[in-house]
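Student: I should like a close look at one part of this model, with enough of its surroundings to place it. Which residues and elements build that part, and how are they arranged?

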Amino acid sequence: MKRSHFAIIFLGIFLLVSDIAQATDPVGSFVALRGKATIDRERTLLDARLKDSIFLNDTVATSEASRAKMLFSDDSVLTLGEKSKAVIKEYVYSRDKGGKSIITLLDGKMRSIVGKTNFEIHTPTAVAAARGTIILCETGTIDGKQVTTFICIEGEFTVTGTFPGSEGSTLLTPGMMITIIAGEPFPAAFQSPGGNTGDLLEATNISYELSIPGPAEITLGPGGFVIEQMQILPPYEHEPGTINTTPVTIDIIFPK
Amino acid sequence: MSKKTTPFYPFRKYSLAFVSILACCAVLLFSYSLQAQDLDPAYERALTKAALKIENADYEGAAVDAREALRIKTDDEKATLYLGIALSRSEEKEAESVLKKALFLNPQNPRTNLELGIHYYNRGLYDESEDYLDTAIKTAPNTEIASKAKEYLENTKKRGTVKPWALNISLGGQYDSNVILEGGDSLPEGISDKADWRAVFSLKGKYNFLRNEKIEGALGYSFYQSLHANLPDFNVTNNLPEFTMAFHLAPWVSLKALYAFDYTLVGGDAYSYSHILSPSVVFSLWRGLTTTVAYTYRKNHFMDTELFGNNSGRRGFNNAITVTETIPIASYGNIRIGYAYDNENTRESYWSYSGNKYFAGIRWNLPVQFYLDLYGEYYGKDYRERYPSAARLREDIMKSVWGSLTKVLSDRFSVSVGQLYTRNKSSVDLFDYERAITSLFFTVRF
């Protein structure tokens, strides 16, 4: 077999392996949860728990009165409001080269603090493309029509209407919002009323609940148990540098 | 006053409705700008990363992210609290001041109160801990914070059964290839040039009569007895009561003082006693890195005995300055390096010298509760006058290495094996020797 054949086979295996690695590496973790959230992973429904990993193609959903906050490896932070569903559609990130991520918000409310990748939010009616911004997004059905709202909090991003009849594009700057209704002409962006922004911020607000360690049993004498260096010579052979009778001590707490 | 002179005169032509709309817009813009200020993406990212790292026990990384969040929002309460938690979990001394700063920013934050309570609990300062735990319960009743605070409080209440003292008793055997009465600076008669087995009993007791956030005081007593198989004249009995005080001036600096009285009998006869006074300063400036600077004054009183007739010629005093650097290696242990200079002044001036000592040691915590200690030192001494029978001025260079391995068997028992090797190269043959000691000890703690 020619050398070139080996090289092609080797390259093929390398690409396959690297592709598998990319698909099996976690892309993020849950950092805060309130109520109930689930992960749909390869048709298996799992309960989300704090610190659980998130993988490519996972669908994360929240129940009523629930919220979930996720940190991704590019430092993006996504918070899903109650009764929301999002899919990690695409996620490629390299510390040196950056990358691209696509989150599809199928339903509900989401706050996105965009990290180092080129970031896109896809909804049934529109796409928002951004980098280094804070985006509030809500999508759902009103009177049988799919409606999506985007609000820009920081930075700027482009919103593109993708539903037939709602095509168009605009740039959102801080404080601007846009609501795209399926089938209706692409609207103009306008200054977001404080109430809308406040409601969406509140709906996607969740505080971290850091776990609290339990107390260690107090079973110690002064300074705890001390594993002392073995006393090889009598203590009176003190010399400079070893005047203390316990030259090096390390406290060790023995749990009961 | 005419309408023209009022401050609002220029706006008289605008209707009340228009002014109201303008005011509403201003309020909305103001409220929006407030929300936007709260949402700095870099701050949010840093804080989120800090939270995740705390959960994953990466406290060093969490502290870096929390500091980044604080760089963006100086004096931010949440970032300060997270930094305090990260530092407290990794037992950094800075934790206390950071958590107190978080408390200053919001004295009613139950989590901050709880974390301060936990911090003091873990340091064994239970009185301080109780105050903060009580506040945590009061400010967040019927929450997880309150229930955890109660757990800690219940444990601190049990401490009535905790004794303020500790006692270590060791019993072991040694094989000494060259029994020497004092390894450091022995009389020629004290170097036996004989190997022997000996049993060793040692006891160390400590009583903490004072312990709070600022001051610690303790009384200690050590007892040592060796019993040789063939050289009973070299049996050593040593008593060492001591008194120590520590003043924690700031999280990064403590003053310590030690007084000890050292009384030794050899072969059953009084051999020496010493008064030892040692003030020291301990700096903990960065990630557990500790620098100790100690001055030690030691007044020695040697007595003549039947076997050691010229012992009293060594009476005098010793001044020593020691600098020790202790470097923690995460949870694996620590490294200790140091230098000491000492100056011995004696009644017979041929025992007087000045010495330079360099030393380094490592404590390594191995799996399944094994602890490895390795230590080495170089000690050079230049004597001021010629020893009576010597042809030249005495110069000693002593090199010692030793290692020991300790296995903790339970919370009360441990067993240790160790090996010491010493080579004292002296310009005077009388003091030139080699020595190796192999040891096995059992230790029990009360």
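Tutor: The answer begins with chain B, concentrates on its strands and aromatic residues, and then turns to the nonpolar cores and to chain A.

The model is predicted. Chain B contains 8 helices and 14 strands. Of its 446 residues, 48% count as buried. Among contacts in chain B with a separation of 6 or more, 52% are between residues 24 or more positions apart. The accessible surface of chain B is about 21900 Å², and carbon and sulfur atoms account for 61% of this area.

The part to examine closely begins with strand 4 of chain B, residues 236-250, which pairs with strand 5 of chain B, residues 253-266, in the antiparallel sense over 12 bridges. The connection between strand 4 and strand 5 of chain B is a hairpin of 2 residues. Within this pairing, Asn239(B) has Tyr263(B) in strand 5 of chain B as its bridge partner.

Strand 5 of chain B is also joined to strand 6 of chain B, residues 269-286; these two strands run antiparallel and share 14 bridges. Here the bridge partner of Lys256(B) is Ser280(B), a residue of strand 6 of chain B. The hairpin of strand 5 and strand 6 of chain B likewise has 2 residues between the strands, and Gly267(B) in that hairpin adopts a positive phi near 60 degrees. As a general point for reading such pairings, side chains in a regular strand alternate between the two faces of the sheet.

The aromatic residues can be placed next. Over all chains, there are 24 aromatic pairs. One of these joins Trp351(B) to Phe431(B), with a centre-to-centre distance of 6.1 Å and an angle of 80 degrees between the planes, an edge-to-face arrangement. This pair connects distant parts of the chain: Trp351(B) belongs to the loop between strand 9 (333-346) and strand 10 (353-366) of chain B, Phe431(B) to the loop between strand 13 (413-426) and strand 14 (433-445) of chain B, and the two residues are 80 apart. Both Trp351(B) and Phe431(B) are buried. Phe431(B) has a further partner, in that Arg394(B) lies over the face of its ring, at 3.6 Å from the ring centre.

A cluster of aromatic residues is formed by Phe234(B), Tyr271(B), Phe302(B) and Phe308(B), which are linked by ring pairs. A charged residue is found at this cluster too: Arg314(B) lies over the face of Phe302(B), 4.1 Å from the ring centre.

Elsewhere in chain B, Leu125(B) occupies the loop between helix 6 (110-122) and helix 7 (126-139). Leu125(B) counts as buried because its relative accessible area is 5%, under the limit of 20%. The C-alpha atom of Leu125(B) is separated by 6.6 Å from that of Glu213(B), although the two residues are 88 apart along the chain. Apart from neighbours within four places in sequence, Leu125(B) contacts Tyr120(B), Asn212(B) and Glu213(B).

The nonpolar cores bring in chain A. The largest core has 44 residues, and the members that touch the most others are Tyr208(A), Leu47(B), Ile54(B), Tyr82(B) and Leu83(B). Beyond its neighbours within four places in sequence, Tyr82(B) contacts Tyr208(A) and Leu210(A) from chain A, together with Leu47(B), Ala50(B), Ala51(B), Ile54(B) and Ala66(B) from chain B. A second, separate core comprises 36 residues, among them Val60(A), Leu78(A), Cys137(A) and Val159(A).

Chain A itself comes to 2 helices and 19 strands. Its 256 residues include 50% that count as buried. Of the contacts in chain A between residues at least 6 apart in sequence, 45% join residues at least 24 apart. Chain A exposes about 11900 Å², of which carbon and sulfur atoms supply 54%.

Two loop residues of chain A have a backbone feature to record. Asn57(A), a residue other than glycine, has a positive phi near 75 degrees, and it lies in the loop between strand 4 (53-54) and strand 5 (59-62) of chain A. Ala65(A), also not a glycine, has a positive phi near 55 degrees; its place is the loop between strand 5 and strand 6 (67-72) of chain A. Ala65(A) counts as exposed because its relative accessible area of 56% is over 50%.

Notes: Residues are numbered from 1 along each chain as its sequence is written. Chains are lettered from A and ligands numbered from 1 in the order in which they are written. This is a predicted model: local features need pLDDT of at least 70, side-chain atom pairs count only at pLDDT 80 or more; totals for chains, interfaces and linings use all residues. Side-chain values use heavy atoms; hydrogens and water are left out. Two strands pair if DSSP finds at least two bridges between them. Helices (H or I, at least four residues) and strands (E, at least two) are DSSP runs, numbered from the N terminus. Buried means under 20% relative accessible area, exposed over 50%, partly exposed in between (1.4 Å probe, protein chains only). Contact means heavy atoms within 4.5 Å. Accessible areas come from the Shrake-Rupley method with a 1.4 Å probe; for residues, only the protein chains shown count as cover. Rings of Phe, Tyr and Trp (its six-membered ring) pair if their centres lie within 6.5 Å; planes under 30 degrees apart count as stacked, over 60 as edge-to-face and the rest as tilted. A charge sits over a ring if NZ of Lys or CZ of Arg is within 6 Å of the ring centre and within 35 degrees of the ring normal. A nonpolar core is a set of buried Ala, Val, Leu, Ile, Met, Phe, Trp, Tyr and Cys residues joined through side-chain atoms within 4.5 Å.
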